[in-house]
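Here is a protein model to walk through, one piece at a time. Keep the viewer open and follow along.

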Amino acid sequence: MKLFKDVSLVACLAEFVGMTLFVIIGCGSAMGIQGSGSTGGSGGNEENTAGETTSMIPGWVLMVSLVFGLSITTLAYSIGHYSGGQMNCAVTLGLVLTGNCGLIQGFCNFASQMIGSVCGAAILCAIFPPELDMTKSVGANSVGPKWHWWNAVIGEMMGTFLLVFVVLQTACNPKSAMNRSQACIAIGLAVFMAHCVLIPVDGC
């Protein structure tokens, strides 16, 4: 029982709210504008593009990448003082492994993130009728038709490493204490960069 006394419910709530908003804003930006799919527009041929959230249209990739990056920056600043603004299970795992987050707290944060993701997706379904969802999949990821699954795996590994590395070095490393207030900006830029590279591959 003592383990659960060490869990911050405020941090869990912050992660839930942050992840809910992140899914609504990030995936919503992809759902609202036609630009994904094997032909560059998910509304063009529903049979061939269903489930594809990849895109090779520069403007669409840039817009969605910016939304994801700016969302992380904004939300991390908003909830960081409650939970650290993790909003990513890989980041939570990295913080647990490096001793910057307790194991039980990390698990509870992870559960809150998952529940928030489902809640955000449900709200998106209420905002976008199926016929107006330009991704045809509530923004769910899929490997692009010109790539193999292992291309996506390698890409996701590198993108995840970039994000966790930036978080640990800007928000946790004692040597970066003087620049700590800018950590959220660097983390948001890392998310933006990863999406710019990986949206054409697997939607990121």
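Start with Leu70, which sits in helix H4. This is a predicted model, so read what follows with that in mind. Is Leu70 buried or exposed? It counts as exposed, because its relative accessibility is 53% and the cut-off for that label is over 50%. Now look for Val191: along the sequence Leu70 and Val191 are 121 residues apart, yet their C-alpha atoms are 8.6 Å apart in space.

From there, turn to the nonpolar core. The largest one has 32 residues, and Met87 and Leu124 are the ones with the most contacts inside it. Which helices feed this core? At least two residues come from each of H2 (9-31), H4 (58-83), H5 (89-97), H7 (149-172) and H8 (183-202). As background, nonpolar side chains tend to be buried together in soluble globular proteins.

Zoom in on Met87 and ask what it touches once residues up to four places away in sequence are set aside. The list runs through Glu15, Gly18 and Met19, then Ile72, Leu75, Ala76 and Ile79, and finally Gln113.

Next, a pair of threonines. Thr20 has its place in helix H2. It is buried, since its relative accessible area is 8% and the cut-off is under 20%. Where does its side chain go? It reaches the backbone oxygen of Phe16, at 2.8 Å. If you skip the neighbours within four places in sequence, Thr20 is in contact with Gly116, Cys119, Gly120 and Ile123.

Thr170 belongs to helix H7. With a relative accessible area of 19%, Thr170 is buried too, because anything under 20% gets that label. Its side chain reaches the backbone oxygen of Val166 at 2.6 Å. Beyond four places in sequence, the contacts of Thr170 are Ser176, Arg180, Ala183, Ala186 and Ile187.

That leaves the pockets. How much space lies in the largest pocket? About 790 Å³. It is lined by 40 residues, and those closest to its centre are Phe22, Phe68, Asn88, His195 and Cys204. Helices H2, H4, H5, H6 (103-127), H7 and H8 each put at least two residues into this lining, with H8 giving the largest share at seven residues. If you're thinking about the chemistry of the lining, it splits into 28 nonpolar residues, 11 polar ones and one charged.

The second largest pocket has a volume of about 320 Å³. Its lining counts 23 residues, and if you go looking for its centre, Gly80, Ser83, Gly84, Gly85 and Ala171 lie nearest. Here H4, H5, H6, H7 and H8 each supply at least two lining residues. Which helix gives the largest share this time? H4 does, with five residues. Sorted by class, the lining of this second largest pocket has 13 nonpolar, nine polar and one charged.

To tie it together, go back to helix H4, where Leu70 lies. H4 supplies residues to the largest nonpolar core, to the lining of the largest pocket and to the lining of the second largest pocket.

Definitions and conventions
Residues are numbered from 1 along each chain as its sequence is written. This is a predicted model: local features need pLDDT of at least 70, side-chain atom pairs count only at pLDDT 80 or more; totals for chains, interfaces and linings use all residues. Side-chain values use heavy atoms; hydrogens and water are left out. A nonpolar core is a set of buried Ala, Val, Leu, Ile, Met, Phe, Trp, Tyr and Cys residues joined through side-chain atoms within 4.5 Å. Buried means under 20% relative accessible area, exposed over 50%, partly exposed in between (1.4 Å probe, protein chains only). Helices (H or I, at least four residues) and strands (E, at least two) are DSSP runs, numbered from the N terminus. Contact means heavy atoms within 4.5 Å. A polar contact is a pair of N or O atoms within 3.5 Å; within protein, one must be able to donate a hydrogen and the other to accept it, and residues adjacent in sequence count only if both atoms are side-chain atoms. On a 1 Å grid over the protein atoms alone, a cavity is a set of points where a 1.4 Å probe fits but cannot get out, and a pocket is an open set with protein on both sides within 12 Å along at least five of seven lines; lining residues have an atom within 4 Å of a point. Grid points are joined across faces, edges and corners, and a volume is the space filled by probe spheres set on the points. Ala, Val, Leu, Ile, Met, Phe, Trp, Tyr, Cys and Pro count as nonpolar, Asp, Glu, Lys and Arg as charged, and the others, Gly among them, as polar.
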